[in-house]
Structure formats: C-alpha cells, structure tokens
Amino acid sequence: MAITIAHLTVAQAATILNAIISFIQYTLGLALVALLAKFISDVNSAVTWSVITRELHTSLWPTILRTDTSHGAAPRVTFFSKLGMLSSLLVTVAGIVTPLGLKQGPPIASHYQPMDAVYIKDTSPLASATSPRSNYTYARTCGYFNLIPCPGNTEAETTEINPSIIEQFNSTPYGPFNIQFRRYFKSSIGHNNLSILGGQYSTLESFILRDGIFAVDGAIVDLTETPGIGLSNHTAPPSLKDGATWSQEMLWLEPVTTCVDTNLTIDYVLEDGPNASIDTFNLTDRGGFVGLTTQYPSLDRDGQNINLYQHAYKGAVISNAYSMIALNNLTRSQSSVGQAFPLDTMRDASFIPGVMKTLNLGYLSNVSMESGSQSTVCRGYGSLDTANITNVGVHCGAFLGPPYRSDGGDDRIQDIGSKWRQNLHVCASVTKASIQRVDYSLNGTTELSNLHVTRSPLDQPVLWAVEKTDMNITDIAIYWGRVADSYESDPSLTTVRATELYVPASVSDIANILTDGQAETVPAMAWSHVYGELMATDSLLDYSGSTNAALLNKYQTIISADPAQGIARINNLIWTDAVVNNLLSSDTSTVLTVAEYHPSISYDLKYGIPLALLVLIWLPSFTTALMALIFGMLKISYLKNLLNHTSVGKIVTGHSALAVESTNGSGPTFPIPLDPNSASTTTLIANEKDWADTAGQTLISYRPHAMGPSEEHGLLYPQTPLSAQYGSEIKVGTPH
C-alpha cells in the first residue's frame, strides 16, 4: 500500500518528515523526563539517583527552566555548554532545511562504447502513409523530349545506372543512393515502356505549425529559425534504464532564401466583413516606382560562391520595371510615395487580396515580356545551359506576404471597414547540402517521441562531387553528393572540398516536375511548389493560410518579429515541410557509439548553510578531540573515571573524587547557602540564581589520584550533618 500526495517534491517531503521526526525526538524526551519526575520515589538508592540525575540534566528541562545547571558555571564550561546547545540547534535546523536543496539532477553520461542498435519504428500518420521499402529501386533516364543516353551509358532506352557511378556516389552514405521517395508508384517511360519508380508528391502530415527540432520516420526535421532536414533512418540502443546519448553524422539539406522588399504594397478595405470577396484594391507605391534604380543590376556568375541577394535584387528591379510598363508605361516622375494604383480581381487575376501567395515576377497580366524570361534572368540559368556544378539551382519569384492591419488593429480581428495591407517581396532561394553532427539523447523507452535532438555543422571541409557532363539542364538530373577522398581527381567528376554544396540545377528546377527514379530532385520540386501555387490542391496542403487561421497567425507573427527577412523564413518553413513529406533516408546504422546515462542529483547550496555552520563547529572539535586521544593528551580511562566520579550517587555517598577545596587548612566542609537577606542565621537560599552566585561559586576539586585504595571503596571524608553544624532550626527561606 502506498500513499500519494500531490504538489510536493521529494526534497519537500523529506524536509517535512525530518521536521516531524525532530519534533517527536525533542518532545518525547521532554515528556519521558517529565513522567520520570512524576513517578520517582522520594527515597532511592544512590545508583538510582545517579541515573535520575543523568536523565534530568541531559534533557532540555534545565535549559527551559533555567535551573542552576544552566548558568553560573566557569567560562570555559559555559562556552562548551553553549556550543553544545548551538550544535544541537544546528543539527535540528540542518536536518530540516538541508533536504530542501535536493533536486533531480541532469543525467550523467558514462564513457562511450559500441552498442548494437535497433530500428525505431514510427507510428505517426507520416510513417503510416509511407510506401514500403522492400520494392524500392533506383533508376534513371535522360532527355526531355526524347530519351538520350545518360552519363556512362551507350543506350538511351534503359533505366540502368552505370555501376561506376553507383560506386562513386556510394563511397559515402551521403549521396543520392541513400535518398528515397517517401511515396512512389510504378511508372513507365520511353518507346519501350521502361519500368521506373515515380515519386508521388503529396502532403502526408504537415509539421509547419510545430517548432523545434525532432525526429520523424527517415529524417530529422528542424523548424527553428534555420529550418532544414537531416537524412537518417533512425536506430537507437535497446531500452536502457536511464537512457543514453550518441551522435551521428548525416547529410543535411537546408533551404536558403534572401528576399528584397519591392517597396510596393497591396492595400484594401474589408467593406463587408471577413468572408466577403474583395473585388477592388490598390497597388501602392512605397518607393518602388518613384525610387526605382536607373542602373541595370549586375549578377556575379561565380559558381558555388553564390550571392542570393544579387539574384533577389535583380528580380525585384526587373519586376518593378515591367509593372510600370503594365501601368501604361508609368514613369518615375508620374508616381510618388503613397500613390495608389487601382486594380481589380477580374483584370489582375494574379492577386487574391487577403491571401498570401507567390507570383510570377511579371504579375501584372498585360506585361509584354514573358514571366519565364524574367525568372531566367533572376535565376541566372536557363533550359539550354549546361548541367554542372557552377549552375546552381536558384529559384526566383515575387511573394505577396500575409495580410496585416494597417489601421493599428489586431490582425486576428477582421472588422468590417478595417484597413489591410500586404507587402510585395521578390525572393531567391537555393538548397544547401552539408554534413551535420546530430546529437541524440534518449530518456525512457526507445520511441521517436522520446528522442531529444540537437545539431551542429561539421566544421571541417569534405569532398563534394557533381557529375561532369556536357548535357543541357533540361535533359538530366545530375548526381551530386559527398564522395570518398580517393575520387578527388576522378575525370568524370567535378569535385570541391568545402563545408557545404549548393545543389546544382536539374531538369526538375526548369520543368517543375519530379524526375522519375531520382528522389534527390525532391528539393527542386519543393522550390517549384513554394514559388508556384501555395493554395491547396487534391494532394497538397494549403500553405497560404487562407483556410488555417493558426497558420496565418504564425506567418503574421514571423513577419512582425522580422519584417525584413520574415518572408524568407516563411518560404524556408514551407520548403522544409514539403521536403520531409516527400523524402526519407535509407541510411541505417546497426552499431552506434553510445554513452549510457546514469542518474544524478543537484543541490541548491543556500539550503546547506546550516549544515556548513555545523561542520565548522564539528570539524575542529572532532579533530582536536581525536588528536588528543591519539597522542595521549586525553585517555578513555580518564573520561570513564570523570563520568563515574561526577555521578550524583557517588557524590552524595562520598565515593566521588570531587571535594570542596580547603580554605583554612582545617579540611573540607560543605558550605551552607544561607540567605543573607534573612534575619535568621539558619535560613537557606531558595532562589537558584542566588545560590549559583554564592554557594555555587564554592571551589570543588577533582583529584582521583589523591584517593587511596581504601578511599575508593569507602567514604572520602565524613559528612557532617547540617543539623550538627547549625542546629535543628534550619529552615528554607522565601525565594527572591
């Protein structure tokens, strides 16, 4: 049977128990001595009186009643007496207060050692909807309009991958052959209907409303301020009593986005409340038209040394310029800051006021230049450029941010007549690959939900490789990944030693499709999704926030916290959620280097002050006493004799070595504490303090060595009855 008490910690419970035990200890001692005093006989043997005295004077009663044993003693005796009382008090206080500082401490890791690992099954909706891995195969085709031979192959009508390519990119677990579609289907391609697995791009379980970093089936998801996913098929040591910690290196995919404010906004009024359509609205110049630069923006073409701001800025300038053309060839001098240009949903269908969405750079419908050409200028590559390491898969687009109230009202309240605004940005994004160290810790059972995950970049350069081809971007999804150092000079690869790799452009970046058989093209497809349509489709989540008030509120909060780069973070979050829903890793570790956790406690030192004071008294006292015993300055026999000779029974019967010091050479006599305030010469003092100040100051010596053998068994000296010294008329005086 057990008792359960709420709202108490173990330390608090221990304190309460110690307080109760201390209270019982002292009150029980007082009560037993009080009962002893009640039931003792008036006449007892000397031994009995010795026991009674010991019990009485070792209790708290002398201190409480302030009897003659509690004051008037010699200074050194008083010092040790008070020190003993203080020690007893500190023992009680320390026993009660000290446990309050105890808390459960952090788990302490032991030394690392290899352990067999077991697969951690995920039971979430994401894992339940994931296709089985048993039938998964890797394949490849090349050519956009017609099949052409892929690198290493001589035939076009084949899905086989050249074995040397597999060997190159399988030399580490951080390449394309450890990445798989989360959902797939059997497809066919070419004149011969070649069998190949196609990726099924969809949303299985959205995590975008979550924060932090956590593990899911086949991946690590980071939805902090620097989102991304790590690719690993999770294993862990078997369930350990107190948990464990271990680390793994893994391929990390991270969205990188830079946005430039166009200094244009969409403004509107909710004339008929939150659910009514908005037919008219304004495109307002906040400096984007009137202050548009007259210099054509430059764009560095420096391969992996990419400057995303240049891409976004160039896109913003081009977008604003062609919007001015669409507005009847508007010139800078014809506009001003705050000038509004009326639009409507019938003519300007790209806009849906009140809905966050992505737009083409040429978002106004009557722009003569094709939006695809504008996007090519912003990206820095086109469909006929060569697929290689220098043509990085940049994506560009205009972004109409989440709506917020421009009248100072609460964004969560859509009042009738309230004024609203949406900012226009142009953003450029790319996928960055790196190797990250992921630290796991597990407390409790081996389940994904119990995994605590942190990550940090690998601070040393590694060897990255990209296929070296002369094929157009639209004809191939080139392989990329980390390879073994032995391939650094391989003529079929372009290699770079760096801490990160910006993923090169492929056909998926141009055509906005998943490449069959190649799951490493999912990040490109996710960017096409982000810069394409955020509204819901049959298989994709509505990322616009138009049907999810909680998601819209999260977007608004992000923008409010960081107006400059909040849009970039939103883009990155959407990309991360899309990628983890369509990608997983097949990289599985069967042996891990694990440090098992052991429990610990922590202590708040302020609760240890009484104990520290007690130790300050105990340590010198104990050390001095121990040294005295060890070096013979104090003997146990002396302590034993002192205890025996200070027994009240021996004192009364005259068998004690205590004796009144002689003052006149006539031998010791008992002093009689007469009352000086009484007229009678036979009245005794009744007040204990007066006794302590008078007769109590009589010098008594302890001289066990002065006792002869006969004296040890008989009377030390004859007692003279008081009546013989002062007559039979002795009486006790009135207490003062």
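User: How many salt bridges does the rule yield?

Analyst: The count is 14 salt bridges, the rule being a side-chain nitrogen of Lys or Arg within 4 Å of a carboxyl oxygen of Asp or Glu. This is a predicted model, in which local features need pLDDT of at least 70 and side-chain atom pairs count only at pLDDT 80 or more, while totals for chains, interfaces and linings use all residues. Residues are numbered from 1 along each chain as its sequence is written, and side-chain values use heavy atoms, with hydrogens and water left out.

User: What makes Glu467 and Arg140 a salt bridge?

Analyst: Their closest N and O atoms are 2.4 Å apart, which is within the 4 Å limit. Glu467 belongs to strand S19 and Arg140 to the loop between helix H5 (125-128) and helix H6 (163-169), so the pair ties together parts 327 residues apart in sequence. Helices (H or I, at least four residues) and strands (E, at least two) are DSSP runs, numbered from the N terminus.

User: Are Glu467 and Arg140 buried or exposed?

Analyst: Glu467 has a relative accessible area of 3% and Arg140 one of 1%. Buried means under 20%, exposed over 50%, and partly exposed in between (1.4 Å probe, protein chains only); therefore Glu467 is buried, and Arg140 is buried as well.

User: How do you know that Asp267 and Arg421 form a salt bridge, and which parts does the pair tie together?

Analyst: The closest N and O atoms of Asp267 and Arg421 are 2.6 Å apart, which satisfies the 4 Å criterion. Asp267 is in strand S11 and Arg421 in strand S17 (residues 419-442), so the pair links parts 154 residues apart in sequence. At 12%, Asp267 is buried, whereas Arg421, at 21%, is partly exposed.

User: Why do Arg437 and Asp439 count as a salt bridge?

Analyst: The N to O distance between their side chains is 3.0 Å, again within 4 Å. Arg437, at 39%, is partly exposed, and Asp439, at 24%, is also partly exposed. Elsewhere, salt bridges with shared partners join Asp267, Arg286 and Arg421 into one network.

User: How many aromatic pairs are counted, and why is the pair of Tyr144 and Phe145 given its class?

Analyst: There are 13 aromatic pairs. The ring centres of Tyr144 and Phe145 are 4.9 Å apart and the planes stand at 85°, so this pair is edge-to-face. Rings of Phe, Tyr and Trp (its six-membered ring) pair if their centres lie within 6.5 Å, with planes under 30 degrees apart stacked, over 60 edge-to-face and the rest tilted. Tyr144 is partly exposed at 41%, and Phe145 is exposed at 74%.

User: What makes Arg210 a charge over the ring of Phe214?

Analyst: Arg210 lies over the face of Phe214, at 3.6 Å from the ring centre. The definition asks for NZ of Lys or CZ of Arg within 6 Å of the centre and within 35 degrees of the ring normal. Arg379 likewise lies over the face of Tyr381, at 4.9 Å from the ring centre.

User: Which residues touch the most other members of the largest nonpolar core?

Analyst: Leu251, Leu253, Leu283, Phe351, Ile574 and Leu583 do, in a core of 107 residues. Helix H12 (residues 566-580) contributes the most to this core, with nine residues. A nonpolar core is a set of buried Ala, Val, Leu, Ile, Met, Phe, Trp, Tyr and Cys residues joined through side-chain atoms within 4.5 Å.
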